[in-house]
Amino acid sequence: MKRFSLSMVLMGCVVSVIAVASTAFPDQSNSVNAKGRSNNGFSERSLSGSYASSGAAGGYQSRSIGVTTFDGRGGVERFVTINAEAQGGGRKLIYVVSTGTYTVGPEGIGSIEFLNTFSSGSTSTVNFDFVVSKSSRGGRSGAIQANEITGIQREAGTTASPVEEYWTRREGI
């Protein structure tokens, strides 16, 4: 007859509880890379590099294209050209340079605050709420990289509303 010590029985119980918990709550695990950082969930590091942006406001009243660069630490810069309806008919181009900050929660939902400077010299502050809609694991650390992001501006747009923006990671840049 085999004898089990109290510590062996307790160890078996702990292992059983961990096994059940990891099966019942698979998204609650927290793997760690060699540097001690979490590999699970999104963070500011998930948005890093150059992204092509395209936007729309009020349906087709206003469309935009541009480039947005996220620094992976919560800083962001973008250059946007807006093609909007002109007074009296026709179209007009509006050029915007923006700087700002962003945050990302572990579920991939975040926000951006931009200070916009228009070609006219005027400025405004706008806020976007966004969700990472496509991602992949990358790099040596296996961190999550945002590949596509969908956002909507909280405030009314300069040319039309609501303002939607889409960011797609530019590969090789």
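**Figure 1. Confidence across the predicted model.** This is a predicted model, and its pLDDT averages 83 over the protein, with 75% of the residues scoring at least 70. Among the elements, strand β5 has the highest mean pLDDT, 98, while helix α1 (residues 6-24) has the lowest, 42. Over residues 6-38 the pLDDT stays under 50, and the model has 14 contacts beyond four places in sequence for this stretch. A word of care for anyone zooming in there: where pLDDT is low, the predicted coordinates should not be read in detail.

**Figure 2. The whole chain, for orientation.** The protein holds 1 helix and 8 strands. Starting from the N terminus, the order is α-β-β-β-β-β-β-β-β. Of the 173 residues, 31% are buried. The protein exposes about 10,700 Å², and carbon and sulfur atoms supply 57% of that area. Among contacts with a separation of 6 or more, 41% are between residues 24 or more positions apart.

**Figure 3. The two faces of strand β5.** Here we look at β5, residues 109-118. In a regular strand the side chains alternate between the two faces of the sheet. You can follow that pattern along β5: G110, I112, F114, N116 and F118 make up the covered face. The uncovered face carries I109, S111, E113, L115 and T117.

**Figure 4. Strand β4 meets β5.** Strand β4 (residues 91-104) runs antiparallel to β5, and 9 bridges join the two. To find your place, look for G100 in β4, whose bridge partner in β5 is F114, a residue of the covered face of β5. The two strands form a hairpin with 4 residues between them, where G108 takes a positive phi near 95 degrees.

**Figure 5. On the other side of the pairing, β5 meets β6.** Strand β6 (residues 123-138) pairs with β5 in the antiparallel sense over 9 bridges. Two pairs are handy landmarks here: G110 stands opposite F130, and S111 stands opposite D129. Of these two β5 residues, G110 belongs to the covered face and S111 to the uncovered one. This pair of strands also forms a hairpin with 4 residues between them, and G121 in the turn has a positive phi of about 100 degrees.

**Figure 6. Onward from β6 to β7.** Strand β6 is joined to strand β7 (residues 143-153) by 10 bridges, and the two run antiparallel. One pair to look for is K134, whose bridge partner in β7 is E148.

**Figure 7. A close look at S62.** S62 lies in strand β2, which spans residues 62-71. Is this serine buried or exposed? With a relative accessible area of 4%, S62 counts as buried, because the cut-off for that label is under 20%. Its side chain makes a polar contact with the side chain of T159, at 2.8 Å. Setting aside its neighbours within four places in sequence, S62 is in contact with G55, A56, A57, I82, N83, A84, R91, T159 and A160. T159 therefore appears twice in this view, as a polar partner of S62 and in the wider list of contacts, where "contact" means heavy atoms within 4.5 Å.

Note on methods. Residues numbered from 1 in each chain as written. Predicted model: local features only at pLDDT ≥ 70, side-chain atom pairs only at ≥ 80, totals over all residues. Heavy atoms only, no water. Buried < 20%, exposed > 50% of the residue type's maximum accessible area, 1.4 Å probe, protein only. Pairing = 2+ DSSP bridges. Polar contact = N/O pair within 3.5 Å; in protein donor to acceptor, adjacent residues only side chain to side chain. Areas by Shrake-Rupley, 256 points an atom, 1.4 Å probe, with all protein chains shown as cover. pLDDT = per-residue confidence, 0-100.
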